[in-house]
Each structure stands twice: as C-alpha cells, then as structure tokens.
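Here's a walk through a structure you may not have met before. Have a look at it first, and then we'll go through it piece by piece.

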There are 2 protein chains.
Amino acid sequence: MSATTKAEPLVQKQVFRLPTYTTIGGRTIREVQVGYETWGQLNAAGDNAVFVPHYYSGTSHAAGKYRASDALPGYWDAIIGPGRAIDTDRFFVVSADALCNINVHDPNVITTGPASINPDTGKPYGLRFPIVTLGDSVRVHRELVRSLGITHLHAVAGPSGGSHQAMEWAAQYPHLVERVIHVIGPGFSITPWVIALLDAWVMPVRLDANWNNGDYYGGPPPLEGVTQALKVIALTARHWDWAQNSFGYRLADPANPPAAALDNQYRIQQAMQQNSSAIAGLIDGNHMIYTAKANQLYNLEEHVGSIKARILFVPAATDLVFPPQFAQGAAARFKAQGGNAEVFVIEGDGGHLEGLLGIAKAEAAIRRFINS
Amino acid sequence: MSATTKAEPLVQKQVFRLPTYTTIGGRTIREVQVGYETWGQLNAAGDNAVFVPHYYSGTSHAAGKYRASDALPGYWDAIIGPGRAIDTDRFFVVSADALCNINVHDPNVITTGPASINPDTGKPYGLRFPIVTLGDSVRVHRELVRSLGITHLHAVAGPSGGSHQAMEWAAQYPHLVERVIHVIGPGFSITPWVIALLDAWVMPVRLDANWNNGDYYGGPPPLEGVTQALKVIALTARHWDWAQNSFGYRLADPANPPAAALDNQYRIQQAMQQNSSAIAGLIDGNHMIYTAKANQLYNLEEHVGSIKARILFVPAATDLVFPPQFAQGAAARFKAQGGNAEVFVIEGDGGHLEGLLGIAKAEAAIRRFINS
C-alpha cells in the first residue's frame, strides 16, 4: 500500500433540550428535545459553521458513520467531510432532527412530536400536539446553534424539506446566514400542487383503521398505512425514466406472471413494497401527518425581501415534485430584487432523489459557491 | 334570430350481450353485457365506422346528451358531432363501456365485472372474477361491432386507457382498422412508472377496512377508499402549473387558516376532496382494482410489427402520466419500421386531462388526419 487511508472520525448523536418552546402559533411545548450531530471543529470566533437541516423522511445523520461497521454513511456524505465541498477540515457542520421527525422509532433519532409523552398528562400527545411549522424547527435549531457558541453561519444547506428550512433560516435570521444552498427545493414557497401531493402522501395513514384519529399509542400502530404512504412518497420522488431504466417490464417472479392473478407483480411493484416495508417500523404515522402539514405551510412569499443571504439553487432535471422551473423562477425573482442567486441543475434520471443520491454531481458547484 | 339551430339528436344507452366470453387468459364468463352508444348512420357497405374506447374512469358517453336537460354532453363532444372532426354526418360512431367499468352505480353504465352477479352462484363475483385485459374488452367490443354490421373501421380513437384499447384494436385486427388516434397515451405499452402509479391509484380502496378483500357486496362499500383513490387519480392527472394557475395559495376558509388546525385547508385541498366525494358513490372499488390491473398489463411491444394502421399520437405537453416523450418515441419507432405516424402535442396547463378537457385544441389535427 503506497498510501495510508485516514479513518474519518465517527459521529455521535447528541441531545439538545429546551425546558419550554412556544410555537409561532403561540402554543407552548414543555421539555422539547431534538437530536443533533456535528462534524469538524468550531473556530474561536464561532464563525465557521454550516447548518444542514434534513428532508421529510430524513434525520440529522447527514454524513459519516456512527460505527465503523455501518453499511452506509449519512445521506450527504459525498459533499460533507474532510476535503469535500462542505469541508469539515475548515467548517464546523451541525445537523439536527426537526420537530416531529418521522423516524421516531429509529434509536438514533431524537425528536418531540405527537408520539412524545405530554408532561402535563403523562400520555402521548397524539393529535393534541400543537401544529408546528418548519419555522418552528428552525427556531429550536437556532437555540441549539446559539448554545454551541456559533456566531455566524457560513451557509445553511439542505435538500427538499431541508431546503425550505434553509430558506426559513435566511428569512428569520438575515444577519446570521451568509449563504443558502437550496437543493431540490421549490424556491420561496411549497407550490400549490405539492400542498395537494402532501395530502396524498399521508392519506394512507389516515385511512388505516389502526390510526384511530391519532390515538393508537399502546395499541397496534397504522403500520400498513405508513407502508403505503412510504410507497406513494417513493414513487412521486422518482421519475418515468428511472422506472424504465431501473426496472423496465421485469417480473417479480416469472413463475407467477402479472396476467395470471391479481396480486402477481412486476418487479417495480415488488421493489416499492419491499423498500417501504423494510423501514415502516421505524416511522410514526402522526409524525408523518404533522411533518406534511409543516411542509404545506412553507410560504415565505411575503418575506423574500428580508433575505440577505446569497442563494445557490440546486434543482434536479427530472424532479417531478419540485421541477427546475420553480427554482429557476425563484432565482430570477431574487436577482430582480437585487439579490445574489445562482442555479445549478443536477442531471440524471433519479427524479427528486437526485438531490440525495446524486448530490456528488453538484459537488463542484457547491464547492465553488461555498468558497466564493 | 337570423339562423335556426339544428338540435342534435339525443343519444341512447343500449346493451350488447354475449352468452359467454372466454378471456385471453382462458377463463369463461357467462352472460356478459356491456353498454354502448352510437352517433350517425352506418352506410350500406358498413365501412364508415369509428370506434371510441373510453378512459380509466370514463364511460361510452363520448358525445351528445341523453336528455336535452343534461348539464353537460359526453366528454369528447368537442370533436364528435355533426360537422366536427369526427363528423357524425359522415361517420357512424360507436362507443362501448369496457369490462369492469368503474362507474357501476351510474344508471347509464352497463358492464360486467366483480360487482356483477355470477350466474353460477347467484352472488357477486368479488375477486373471483377473472383477470381481464384491455385486449379482452376489445374482443367483446369487436363482437359488438360485428353485430352492428360494421365491416371496416375508418378509425379507432380514444384517450388514455382508450388510447391503449385503440392500439389493441390495431394489433388484434390489423386489416379491420385503418387509423388509430392515440390521445394522451404512452405508445405501445403502459410504462413501468405507471405500473407503479396504478398501484398507488387503487391502494386506498384496498386499505379501506370495508373493502374486506373484495367481499363487501351487501354491506358497507369502501366509499372512503374510493374517494381517496379518486383524489390520487385527479392529482396525478393534473400538473404543477394547473395547481398554481387554478388555485394558488387561496384558503378554503379565511376564518380557519391552515396554520391554525390540522384539518384546516387550502382551497386546492378542499376542491380535490369535494370533487372526489361528489362522484365516489357511483364507483365500485373492485372495478377500480380490476381496471388498474388491465391497464398495468397493456403491453404490445412484441406486436408492433403487426399493426397496419396509420397512427396519430396526441400527447399533452404537461401530461405527468404519459409525457410526450413516450408518444414521440413510439412514433419514431413506428416510422422506423415503415409505419405511418404523426404527432400533435396539445398545449396547456391541464396535465393529462388536456386530452379530455382540452381536446378542442386538437380538433384541426384530428380532422386533417381522419380526412387524409
């Protein structure tokens, strides 16, 4: 071996707690906690930090591994690490679980939401948990950032639902945030079509008889509803070409062709089911509903004028959720009002998920933006 | 009044019956019946006919009115009628309900499917009804066409699921069919992404506790599942721009803004719910599942060489189900093998539904094709 490989440091989940948090809507939640992870070191001035909010079904595990034996690193490991676009040799990178994070039963996720115990009653909130917006998660994360001694955010960078939160950071704290990297996002508001799409995403949870209007804790959870919800999400986050290129008309089982029985499947049907079933047990149905609501409420149209940050929009060419036309329109609008905006389009057949699985294609664009 | 308006003749639903029909899969169904409607007159040679198969949630009511007081005429009235592109002064136009038509409880729909009484048992079939393909509906309709004395089809023209059936006609009966007008269709097969999408369309029916594995006749039907299924269909049949232009961020009720409660809605959410609830009572959940299966099985890739008809492909620019790339690819392939194909793209923000609601935009292209 001519070169030694420097082992990357492992990452640890940590907990940030607030005794109380009052939502933008005016409701107070006691004993709020969210998990977080950090990479790199904060400098003495506290001004070399990058915050990374997560997407709808994501967590704060943006990069690295918890254990050397982990099968995969965090979702944006291709751009966060030593020498990478978001260079952890230079930057102190922080990510945190949002309020109502859907992966409640993942032991590495820490969040506060409908599945949490209400300290006032000793019972899970269910639908008695207050509505929270993405702006509320940002406010909680702002307190975390303050507690860590961060005085300035070199950038806030996130994909999809994380891109909305990045923009919320820039709108709520214009003098704290220098750059926004808005990956596979719609611009300054969610778009009306996606408001309806988010209803379709969580509809299966509500339709599951076990859901019981959100009161299922202690009984059987709406597991089939969660599974079917994940399938709708996985399909709409992909693209026609991905389906054609990855599956075509292959059969799940050539001995049981689709024409022979109602439940005989093509391979794409089987794969969607298997992938969703594999993770459904980690996920809480009420948290899916609350996070869908939070995304439906993402709307900064009235606050664009307050954003001081420079913005890099990174849409994906085949994204059917937030097609590039929206990011391009937002960039044009921001520039027309005197803002500084750039657009880099990720090519590939992966649909919306190019912003996660294909992020390496934007590595150079993000590196240039973050260093400029 | 300087001109008199010639009242169009009213259209009547009629019934075509077959004592038995054996499916392509080899199962025999007794007492098959499908409804049909006709416009214009068949000539003595029997060679001036046009057949119009219907789309997933459609019926044989392609044009005209049943009663002068009907609020709306059939879905393609803009192109079928006296002097229109499919000119009923020249052509004898026939449309028929498919097997497993979903609108079982519409008094104007006649079909045979899981909700029908099995003559062998005296009870509804439920999931014991055999799998039928779109090719099976075409074979039943071919017997109808024969019974009417039709010797030649000047054209077969249909939208979406009807476009698949039109192509099935051309593949199964190449010497009978002179032209195919394939509107908002994918070409010669359904596409893998839409195989998965059709699962998402009918998933809410299966998730409804009333569905009971298809045995709900005599008890409460899976009405909520059907309603939610119709919402998924209606959303995926539209487009981002349609949502923006038709609804924007308007609220369902300004006194109850979406941020204030989980069930407070934007107008687009409310409209999707109201539109689906209004028609769900006419629709059978099992028929939705069987018609989804029939569409999933649409695949003529091995039979393109047998098609003799000239084909006009009419995709819609904003179609997210069958975007124009598929029709364009199919046209190129058909021409490369020596076939005669043209493409006309319907512009507009209406998504897949441009092939129904925006069909007038293709009137001139269809007129030219049908007369050439």
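What follows goes from the domains to the chain contact, then to the sheets and the helices.

## The domains of chain A

One thing to know before you start: this is a predicted model. Chain A splits into two domains. Domain 1 is written in two stretches, 14–190 and 299–370, while domain 2 covers 195–292. If you take the C-alpha centres of domain 1 and domain 2 of chain A, they lie 25 Å apart.

The two domains of chain A do touch: 26 residues of domain 1 are in contact with 23 residues of domain 2. On the domain 1 side of that contact you'll find 14 nonpolar, ten polar and two charged residues.

## Where the chains meet

How many residues does each chain put into the contact between A and B? Chain A gives 43 residues, and chain B gives 43 residues. On the chain A side, the elements that supply two or more residues are α3 (192–207), α4 (223–236), α5 (240–246), α6 (267–280) and α7 (285–296). The largest share there comes from α3(A), with ten residues.

As for the kinds of residue, the side of chain A that touches chain B has 28 nonpolar, ten polar and five charged residues.

## The sheet in chain A

Chain A has an open sheet of eight strands, and the pairing in it is mixed. Reading across, the order goes β1-β2-β6-β3-β9-β10-β11-β12. Why do β1 (14–22) and β12 (341–343) of chain A each have one side without a neighbour in the sheet? These two stand at the edges, each with a single partner strand, so one side of each is left free of a neighbour. From one strand to the next, the twist averages 20°.

Start at the β1 edge: β1(A) pairs with β2 (residues 28–39) of chain A in the antiparallel sense, over eight bridges. Within that part of the sheet, A:Y21 has A:I29 in β2(A) as its bridge partner. Helix α2 (residues 161–172) of chain A packs on the sheet and touches β3 (49–51), β9 (153–159) and β10 (179–183) of chain A. The direction of α2 makes about 150° with that of β9(A). Then there's helix α10 (residues 363–370) of chain A, which lies across β9, β10, β11 (310–314) and β12 of chain A and runs at about 165° to β10(A).

## The sheet in chain B

Over in chain B there is an open sheet of eight strands with mixed pairing, in the order β1-β2-β6-β3-β9-β10-β11-β12. Its edges are β1 (14–22) and β12 (341–343) of chain B, each with a single partner strand, so one side of each has no neighbour in the sheet. The twist from one strand to the next averages 20°.

Let's zoom in on two of the strand pairs. Strands β1(B) and β2 (residues 28–39) of chain B run antiparallel and are joined by eight bridges, and B:R17 has B:Q33 in β2(B) as its bridge partner. Their hairpin has five residues between the strands, and B:G26 takes a positive phi near 95° there. By contrast, β10 (residues 179–183) and β11 (residues 310–314) of chain B pair in the parallel sense over five bridges. Here the partner of B:H182 is B:F313 in β11(B). Packing on this sheet, helix α8 (residues 324–336) of chain B touches β11 and β12 of chain B, and its direction makes about 155° with that of β12(B).

## Helix α3 and its partners in chain B

Which way do α3(B) and α4(B) run, parallel or antiparallel to each other? The axes of α3 (residues 192–207) and α4 (residues 223–236) of chain B come within 6 Å and cross at roughly 160°. The two helices are therefore roughly antiparallel, and their crossing is right-handed. Residues that meet here include B:L197, B:W201 and B:V205 in α3(B), and B:V226, B:A229 and B:I233 in α4(B). By class, this contact has eleven nonpolar, three polar and no charged residues.

Helix α3(B) has another partner in α7 (residues 285–296) of chain B: their axes come within 9 Å and cross at roughly 175°. That makes α3(B) roughly antiparallel to α7(B). Among the residues in this contact are B:I195, B:L198 and B:W201 of α3(B), along with B:M288, B:I289 and B:A292 of α7(B). The residues here divide into eight nonpolar, three polar and no charged.

How values were computed:
Residues are numbered from 1 along each chain as its sequence is written. Chains are lettered from A and ligands numbered from 1 in the order in which they are written. This is a predicted model: local features need pLDDT of at least 70, side-chain atom pairs count only at pLDDT 80 or more; totals for chains, interfaces and linings use all residues. Domain bounds come from an automatic or database domain assignment. Two residues are in contact if their C-beta atoms, placed from the backbone, lie within 7 Å. Ala, Val, Leu, Ile, Met, Phe, Trp, Tyr, Cys and Pro count as nonpolar, Asp, Glu, Lys and Arg as charged, and the others, Gly among them, as polar. Helices (H or I, at least four residues) and strands (E, at least two) are DSSP runs, numbered from the N terminus. Two strands pair if DSSP finds at least two bridges between them. Axes are lines fitted to C-alpha atoms, for helices over the stretch in contact, and angles run from 0 to 180 degrees between N-to-C directions. Angles under 35 degrees count as roughly parallel, over 145 as roughly antiparallel, 65 to 115 as roughly perpendicular and the rest as oblique. A crossing is left-handed if the near helix is turned anticlockwise from the far one by less than a right angle, and right-handed if clockwise.
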